[in-house]
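Please open the model in your viewer and keep the sequence panel visible. The tour below proceeds by selections, each followed by a description of what is found there.

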Amino acid sequence: MIEYDPGSGLPPDPVEQRLRDALRARADSVDLPHLRPAAPPSGRARFRLPVSRPVRRAVLLLVLAAVVVGVLFASARWEGPRQAPPANGPSAPPTPTTPGAVTASPDGGRP
């Protein structure tokens with residue numbers, strides 16, 4: 001039994017005294033043979049989310065889909081800018097004219 005500490009000036013509480021006695025008895029019952037030697041953990045430690053397997057699969061699929069979209073977006077951006085057609089280029093290739101042919105005038109050939 002643990003003795004009363006006269007330095008505190010307070011009388012011991014019976015519940016606290018019983019608790020101290022129980023803890024002291026427990027501590028005295030454990031000896032060196034009862035303790036097991038320290039052993040390194042077996043296997044590799046692994047981080048696991050506290051969620052079910054279907055939720056983990058859904059998250060994995062969403063992450064993979066995001067990666068695919070990111071790769072496609074990045075590859076489209078790496079193509080570079082497309083070249084614009086020339087500004088004042090001909091819309092149709094010129095047709096060759098034969099010598100002595102009559103060409104139509106814009107006013108319909110009227111004098």
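The stops run from the whole chain to single residues.

**The whole chain.** Begin with everything selected, bearing in mind that this is a predicted model. Colouring by secondary structure shows two helices and zero strands. How much of the chain is buried? Of its 111 residues, 1% count as buried. A surface representation covers about 11,400 Å² of accessible area, and carbon and sulfur atoms account for 64% of that area.

**Helix H1.** Next, select residues 14-29, which form helix H1. This helix has 16 residues, and the distance from its first C-alpha to its last is 23 Å, close to the 22 Å expected at 1.5 Å a residue. H1 is hardly covered, with a count of one buried residue among its 16.

**Glu-16 and Arg-20.** Within H1, display the side chains of Glu-16 and Arg-20 as sticks. Which interaction links Arg-20 with Glu-16? The two form a salt bridge, in which the closest N and O atoms are 2.9 Å apart. Side chains of opposite charge can pair when their charged atoms come close. Because Arg-20 and Glu-16 are four residues apart in helix H1, about one helical turn separates them. Arg-20 is partly exposed, at 41% relative accessible area, and Glu-16 is likewise partly exposed, at 38%. The salt bridge count comes to one.

**The valine patch.** Move now to Val-51, Val-55, Val-59, Val-63, Val-67 and Val-71, and show their surface. Together these residues make a nonpolar surface patch of about 460 Å². Val-55 is a useful residue on which to centre the view; it lies in helix H2, which comprises residues 53-78. Is Val-55 buried or partly exposed? Its relative accessibility is 40%, so it counts as partly exposed, the category between 20% and 50%.

**Ser-75 and Leu-72.** For the final stop, select Ser-75, which is also placed in helix H2. Show its side chain together with the backbone of Leu-72. A polar atom of the Ser-75 side chain lies 2.9 Å from the backbone oxygen of Leu-72. With a relative accessibility of 41%, Ser-75 counts as partly exposed.

How values were computed. Residues numbered from 1 in each chain as written. Predicted model: local features only at pLDDT ≥ 70, side-chain atom pairs only at ≥ 80, totals over all residues. Heavy atoms only, no water. Buried < 20%, exposed > 50% of the residue type's maximum accessible area, 1.4 Å probe, protein only. Areas by Shrake-Rupley, 256 points an atom, 1.4 Å probe, with all protein chains shown as cover. Expected span 1.5 Å × (residues − 1). Patch = residues over 30% accessible without salt bridge, like charges linked within 9 Å, V, L, I, M, F, W, Y side chains within 5 Å. Salt bridge = Lys/Arg side-chain N within 4 Å of Asp/Glu carboxyl O. Polar contact = N/O pair within 3.5 Å; in protein donor to acceptor, adjacent residues only side chain to side chain.
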